[in-house]
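The following exercises are to be worked with the sequence and the three-dimensional model at hand. Each task is followed by a solution in steps.

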Amino acid sequence: MKTGKSLIAGVCTAAMILGMTGCGAEKTATTAANESETTTELTTQEGTATGTDLAELKEEKWLEEEIKRTREGGALEAAFTTVAMTEKEVPIYYNSLDDKENITLAFFDEDGSVPYINVSDIPGVLEKAYRINKLDTGYKLTFSSQDSTATLTRENGAWAKIDCDKDTITFLDYDEFFRPSNQEKLMDVISENSLKSEDATKLFKHNEKALERNGDAAIISAADYGIDLVKEEENYYIPFATVSDFILDSLYMPAIYNGKSMILYEAGGLEGEFLELSDMGKLYYEGDIGKVSPSMAHFSYNELCMMLDYHYGLKEVHNISSFDKAFLETGLKTDLLSEDPKVSETALAKFIALYLDDLHSRFTRQSYHLGEYDFIEFEPGESDSSYDELREVYSKVRDEAYPDGMPAYEEVGNTAYITFDSFEDISEGIKYYDNTPTDASMDDTLGLMMYAYSQINREGSPVENVVLDISLNSGGESAAAAYVIGAFLGNGYYSLRNEATGSMVTDSYQIDLNLDHKFDEKDSFKGCNLYCLTSPVSFSCGNFVPNVFKNSNQVKLIGQTSGGGSCMVLPATTASGAEFRVSGEYKLAFTKNGSFYDIDTGAEPDYYIGNIGNYYNRQALTDYINGLF
């Protein structure tokens, strides 16, 4: 097996064999094909190659053919040759050891390692997943079939057609197909009816004024990725990994198979407290340690390419036309195809860290093939390293200013400071209306907003300025971010676009901030001078919020340009069992003059602060703010 550097050299060598002037040079397909014929015999100047020379020449020949195929847009090599079907009944777990059923999986590879699901079984799996993860009892899916095609139809009319002759999956409307039935908008960053809090639905109200635009029909061509969809007598089969990649991942409830059990779990659910394994994580690592089968290794690579080609939201800015091509160009394809899980998973971790390097994307957990303790080690990318260094600098300065800890709510003269470092989810079972927050906590974003409101509006309050300090905020839950936006703007809004289908939504909403069960002009900090303190560490939702503020002209930004991050995180697993996450196809944006604008470059401040020490010298900052008006 060649190293990454030698493999890249091999690509260049193959390019020169094809008569190209460089790795990226173009040549007509006809000329390349003709010249390719002259290199079919693996020979050297001294005669027929043997041993290591033969292996290297074979690899160069493979590289030559791969370059030609990727340039001409050919399909990936078939993951495996389909053989007679075998079946295996295994337990399927739904986010809990106590919620277990049995499911019959089908296998069409000679190794019996790539699990397929009967399409007629998909409605039961998805309906249960929606009930668990989205609290959605109205999601219904009906199976029907005709000739080579199986159809899954939603109760809202959206459908997916699985054509086993053409090996395609067609969604009439991808977003409508997996939109929860209890979600008001086509796409929704709040999704309050899915939040596991009794009070959640009472805290948000969507306004009627909203823009919704459905996207194009989505056609997933499994044929282009060497993946077979199979009709066996009267039954239709699709890889379970494909169901996970194209439906379950978007529910934040991926499926993972360990050779013994199929496990559906809420994203992050393999981890317990203090980074220990959860019960679901321990169950997952009961799979047998060892090499990946040849069929699974190849299938997992092809499925990974198909998943990323459709779902990765930053392909354009990363100049990625296809991930198969990107893996080849970076010298990682042969490693990714390896049956040694240490080799293939290290290659994936390296690609995500060095070549995507977008902070949202990250390799998170090794497969069961390596066992619980054989972790994947990799160097972080330049963006990741720079971000960590900046965060350390800002944290050190803040700790020096507040050695006893930064207060979540603080008043300095006429200025109130609200500070937290992540947008925290609404805790399950919390009842704000019964237990109005009486103190400030960084661990409860909504409760902090409610407490700040009560203090700012108390009798005799001196507060004239309100500053939201998210200078060390690295993101978090979008529903919490939406609540913060509403607290500052009164009428909150956000824009969301699906980069894969072109669908888009601009939603307008209100929040109940004073807990009086009304949605009115009192439910915000409006009336005060409003500011948001940002830095290059302000990332993801910590970047989304100041971008909305900037566009609103109601909240002034102070500090430095926020750190970017526009895509919503998508959890994922490889078919062979490694866990990772990427920037998904759903991209947050702001809308101006009816047009959508990307926020990935960050929001520039209205008032620049160059000295980091002035971020946390609250008296100096208060004096500075008072001098602005």
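**Exercise 1: An open sheet**

An open sheet is formed by 5 strands in the order β6-β7-β8-β9-β12, with antiparallel pairing. Strands are DSSP runs of E with at least two residues, and helices are runs of H or I with at least four, numbered from the N terminus; two strands pair if DSSP finds at least two bridges between them. The model is predicted: local features need pLDDT of at least 70, side-chain atom pairs count only at pLDDT 80 or more, and totals for chains, interfaces and linings use all residues. Residues are numbered from 1 along each chain as its sequence is written, and side-chain values use heavy atoms, with hydrogens and water left out.

Task: Determine which strands stand at the edges of this sheet.

Solution.
1. β6 (141-146) and β12 (218-221) each have a single partner strand, so one side of each is left without a neighbour in the sheet.
2. Neighbouring strands of this sheet are turned by 15 degrees against each other on average, direction ignored.
3. For β6, 6 bridges link this strand to β7 (residues 149-154) in the antiparallel sense. Threonine 142 has threonine 153 in β7 as its bridge partner.

**Exercise 2: Strand β5**

Task: Establish which strands pair with β5 and where its side chains point.

Solution.
1. Strand β4 (residues 100-107) runs antiparallel to β5 and is joined to it by 2 bridges; phenylalanine 107 is the bridge partner of proline 115.
2. Strand β14 (residues 235-239) also pairs with β5 in the antiparallel sense, over 3 bridges. Here isoleucine 117 stands opposite isoleucine 238.
3. In a regular strand the side chains alternate between the two faces of the sheet.
4. In β5 (residues 115-118), Pro115 and Ile117 point one way, whereas Tyr116 and Asn118 point the other way. All are buried, that is, under 20% relative accessible area with a 1.4 Å probe, protein chains only.

**Exercise 3: Helix α12**

Task: Describe the span, the ends and the buried residues of α12.

Solution.
1. The 16 residues of α12 (residues 341-356) reach 21 Å from first to last C-alpha, close to the expected 22 Å; the expected span is 1.5 Å times one less than the number of residues.
2. Aspartate 340 caps the N-terminal end, with a side-chain oxygen 2.9 Å from the backbone nitrogen of lysine 342.
3. Just after the helix, aspartate 357 takes a positive phi of about 45 degrees.
4. The buried residues include Ser344, Leu348, Phe351 and Ile352.

How values were computed: Buried means under 20% relative accessible area, exposed over 50%, partly exposed in between (1.4 Å probe, protein chains only). A polar contact is a pair of N or O atoms within 3.5 Å; within protein, one must be able to donate a hydrogen and the other to accept it, and residues adjacent in sequence count only if both atoms are side-chain atoms. Axes are lines fitted to C-alpha atoms, for helices over the stretch in contact, and angles run from 0 to 180 degrees between N-to-C directions.
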